[in-house]
Amino acid sequence: MDRRIKTIDELTLMDDYMFAQVMRDTRHLKPLLQFILRVRIAKIELIEPQKTEKEGYDSKGVRLDLYVTDEQGVVYNVEVQTTSRKHLPKRMRYYQSTIDISILRPGVDYKELRKTFVIFICIMIPSEETAISIPLKTSAGRNPICSSEMRRLKSS
């Protein structure tokens with residue numbers, strides 16, 4: 001398949017390259033995270049675009065679009081999803097577990113696991129099942145966004 005490369009003028013925020021370039025700046029990233037999660041973030045410590053995690057030579061690795069930590073040690077993984085994908089909740093679960101494995105070294109107690117958010121920004125409207133289950137499973141039991149927004153989107 002012959003895929004044409006977009007010009008810089010054709011790129012949008014949903015393109016990996018542009019998303020990473022814009023979100024490297026905390027003036028853009030911090031308000032986005034605060035809006036999505038409805039939390040206050042005092043200071044962002046680390047922004048790492050396209051972070052690769054692979055624990056073993058024979059394990060399935062992941063490439064995280066944006067890996068971010070704040071001053072409290074909270075980890076945020078922000079993904080841009082431009083195509084409809086099956087099994088998005090399971091993919092999020094796998095990303096979450098991969099992040100946890102990278103944080104928790106051998107011999108360290110589980111209580112040392114950090115608070116972690118896995119956020120997928122999607123251009124498609126996820127299924128009702130996906131929209132409701134993702135925040136419940138990845139936002140420490142909180143459901144800040146999807147279920148009410150999804151009902152509103154479906155009714156419009």
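Two strands are said to pair if DSSP finds at least two bridges between them. With that idea in hand, the sheet of this predicted model can be described: four strands form an open sheet in the order E1-E2-E3-E4, and the pairing is mixed. E1 and E4 stand at the edges with a single partner strand each, so one side of each is left without a neighbour in the sheet. From one strand to the next, the twist averages 25°.

The sheet belongs to a protein chain with five helices and four strands. Along the sequence, these elements follow the pattern α-α-β-β-β-α-β-α-α. Of the 156 residues in the protein chain, 38% are buried. The chain exposes about 10,100 Å², and carbon and sulfur atoms supply 53% of that area. Contacts can also link residues that are far along the sequence from one another: among contacts between residues at least 6 apart in sequence, 53% join residues at least 24 apart.

It helps to walk through the sheet strand by strand. Strands of a sheet pair through backbone hydrogen bonds, either parallel or antiparallel. E1 and E2 pair in the antiparallel sense over eight bridges, and Glu53 stands opposite Val62 in E2. Strand E2 (residues 62-70) also pairs with E3 in the antiparallel sense, here over four bridges. E2 and E3 form a hairpin with four residues between them, and Gly73 in the turn of this hairpin has a positive phi of about 85°. On the other side of the pairing list comes strand E4 (residues 116-122), which pairs with E3 in the parallel sense over seven bridges. Within that pairing, Phe117 in E4 is the bridge partner of Tyr76.

E3 deserves a closer look. Seven of its seven residues are buried. In a regular strand the side chains alternate between the two faces of the sheet. In E3, Val75, Asn77, Glu79 and Gln81 point one way, while Tyr76, Val78 and Val80 point the other way, and all are buried. Asn77, found in this strand (residues 75-81), has a relative accessible area of 0% and is therefore buried. What does Asn77 touch, not counting residues up to four places away in sequence? The list consists of Leu64, Asp65, Leu66, Tyr95, Ile99, Phe117, Val118 and Ile119. Two of these contacts, Tyr95 and Ile99, are also among the buried residues of helix H3.

Thr69 gives a view from the neighbouring strand. Thr69 is found in E2 and stands opposite Val75 in E3. Its relative accessibility is 9%; because buried means under 20%, Thr69 counts as buried. Leaving aside neighbours within four places in sequence, Thr69 is in contact with Ile44, Glu45, Leu46, Val74, Val75 and Arg114.

The helices complete the picture. Helix H1 (residues 16-23) lies across E1, E2, E3 and E4, running at about 10° to E2. In helix H2 (residues 26-37) lies Leu29, which counts as buried because its relative accessibility is 0%. Beyond residues up to four places away in sequence, Leu29 touches Met23, Ile44, Ile47, Leu66 and Val68. Leu29 and Val68 are 39 residues apart along the chain, and their C-alpha atoms are separated by 9.4 Å.

Helix H3 (residues 88-103) allows a simple check of length. At 1.5 Å a residue, its 16 residues should span 22 Å, and the end C-alpha atoms are 23 Å apart, which agrees. An α-helix has 3.6 residues a turn, so residues three or four places apart point the same way. The buried residues of H3 include Leu88, Met92, Tyr95, Gln96, Ile99 and Ile103.

Finally, two residues have backbone angles worth noting. Phi of Arg38 is near 55°, a positive value in a residue other than glycine. Arg38 is found in the loop between H2 and strand E1 (44-53), and at 48% relative accessibility it counts as partly exposed. Gln50 likewise has a positive phi, of about 55°, although it is not a glycine. The place of Gln50 is in strand E1, and with a relative accessibility of 28% Gln50 counts as partly exposed.

Definitions and conventions:
Residues are numbered from 1 along each chain as its sequence is written. This is a predicted model: local features need pLDDT of at least 70, side-chain atom pairs count only at pLDDT 80 or more; totals for chains, interfaces and linings use all residues. Side-chain values use heavy atoms; hydrogens and water are left out. Buried means under 20% relative accessible area, exposed over 50%, partly exposed in between (1.4 Å probe, protein chains only). Contact means heavy atoms within 4.5 Å. The expected span of a helix is 1.5 Å times one less than its number of residues. Accessible areas come from the Shrake-Rupley method with a 1.4 Å probe; for residues, only the protein chains shown count as cover. Axes are lines fitted to C-alpha atoms, for helices over the stretch in contact, and angles run from 0 to 180 degrees between N-to-C directions.
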